[in-house]
Structures are given as structure tokens and as C-alpha cells.
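Here is a friendly walk through a surface patch, a buried serine and some aromatic rings. Have the structure open as you read.

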Amino acid sequence: MAAPTWTMNIQRSCAVLYFHFFFGISLILLGWTTFAARWIPRIKPYHRRLGQIWVYGMIVQVYTSTYVSYNGFRWFIFMFGVICYGSLITGHSFIRKFQLKIREQRSNAMTRPLKYVGVPTKESDGDAYTAKTARNDDSLIEQITDNENRSLQSESQRTWFTQKRLKQIHGIFMFLSLVMLTGAGAAFTTRFSQTKECKNIYCDADADGNVPECMVHPS
């Protein structure tokens, strides 16, 4: 077998393995900090930003796992990943739906008070109703805004996915994803601690579906 090079199939890269381990530990700590931020007033304003960083970090983490194998992974590690990332995607989709509804409500609140409203005016030939813009009529704007709020409240009552439920479902699935990440991290830590000396593993390119020949090389 030829000397190993980066052009070969890489079964394990020690540099990526170390990054995967320590970056994963930092994601676990960040995830629990983000979760705790929902109830700690001092860091609650940072909950959304911490959550975004955690989601992006999870994308990086799953990709680095391609170079940390030695002899494959047990089935439950794969299931950890399925539940973890499936919950992550589900939780993220629900908070996005929550945010889109907020934007829609704000957009409606800004545009609807500017409608043309009929108000009574005195004309030379008698009383008549003329369409005038109610932009500066504070009482009329308050009335329209109240009507808008009632409309939004009525709309939320017609659907099961209210804003409160969207946030609750988001929290449940994100918590489940974090638990799976913590469990996978514990399993990987056990395996990592048993690795006395990390060595890179290179393999020849696959040929005709046969098991490729691999070699261990010091890092």
C-alpha cells in the first residue's frame, strides 16, 4: 500500500477527532446555558442569539463526525443523531413560524390604521359624508388598532397553533435535541478516554464494492 496522503479515503483524522470532541463539549455547555437563559433574567436577552449560535455549531459538529471513526459506530449512536437533529429541525421550524406571525402582526398593525374612513363634514348643499384620511385622528387610530387586536385574537382562537403553543413546542423539541447531544457526548467521551494514542487511519479507494485496504499512521 502506498504512503498515506490526504487524497486517500480518510477513516479517521486525529486533528478532526480532537476538534469534534472539544467543540462538542463546548456545544453541550452552550446548549444548557441557552436553555437556562429562559429563566435567568440577567442572560435572558441573549437567549435568541445563543440559540442561533448553537444551531449553527450543531451543523458544523455533524459534518466533523465523518472523520472520527475507527471501526464504525454502534446503532444507538446513529439513533442519537436521528433524534437529535430531527428534534433540532422541528424545534427550529416552530420558532420560525412564531417569528413570522409576529412580523405579520406588526405589518398589519402599521398598515391598517392608514385606511380611508368616512367622516361627516359640512358642505354648502347640506350634510354629506366625504372620504378623508384619518392619519392624524388619534382616537380613530386607537379604535382601528383595537379592532385589529380583536381580529388577531379571534384568529389565534381558530387555530390550535397559537403563539404560546408554538413557543412551547419549540422548547420541547430543542430540549430533546440537547438531551440527545448530551447523551451522545457522554458516550463519545467514554470512547475518547479509551483512546490512549490517536492515530490517523487511511484507506485505499473502494474498488468493486470490496472492503478497502486500510493502514494506521501516527498523527
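Which helix gives the most to the nonpolar patch? Helix α3 (residues 75-111) does, with 6 residues; helices here are DSSP runs of H or I with at least four residues, numbered from the N terminus. This is a predicted model, where local features need pLDDT of at least 70, side-chain atom pairs count only at pLDDT 80 or more, and totals for chains, interfaces and linings use all residues. Residues are numbered from 1 along each chain as its sequence is written, and side-chain values use heavy atoms, leaving out hydrogens and water.

The surface patch consists of Trp75, Phe76, Phe78, Met79, Val82, Ile83 and Leu176, together offering about 680 Å² of accessible area. Its members have over 30% relative accessible area and no salt bridge, with nonpolar side chains joined within 5 Å. Areas come from the Shrake-Rupley method with a 1.4 Å probe, and a salt bridge is a Lys or Arg side-chain nitrogen within 4 Å of an Asp or Glu carboxyl oxygen.

Relative accessibility is graded as buried under 20%, exposed over 50% and partly exposed in between.

| Residue | Relative accessibility | Class |
|---|---|---|
| Phe78 | 57% | exposed |
| Ser177 | 0% | buried |
| Trp32 | 33% | partly exposed |
| Phe35 | 29% | partly exposed |

Ser177 sits in helix α5 (residues 163-193). A polar atom of the Ser177 side chain lies 2.8 Å from the backbone oxygen of Cys84. Contacts of Ser177 (heavy atoms within 4.5 Å) include Trp54 and Met58.

Finally, Trp32, Phe35, Trp39 and Phe175 make up one aromatic cluster, where ring centres pair within 6.5 Å.

Note on methods:
Patch = residues over 30% accessible without salt bridge, like charges linked within 9 Å, V, L, I, M, F, W, Y side chains within 5 Å. Helix = DSSP H or I, 4+ residues; strand = E, 2+ residues; numbered from the N terminus. Buried < 20%, exposed > 50% of the residue type's maximum accessible area, 1.4 Å probe, protein only. Polar contact = N/O pair within 3.5 Å; in protein donor to acceptor, adjacent residues only side chain to side chain. Phe/Tyr/Trp six-rings, centres within 6.5 Å; stacked < 30°, edge-to-face > 60°. Lists of a residue's contacts leave out its neighbours within four places in sequence.
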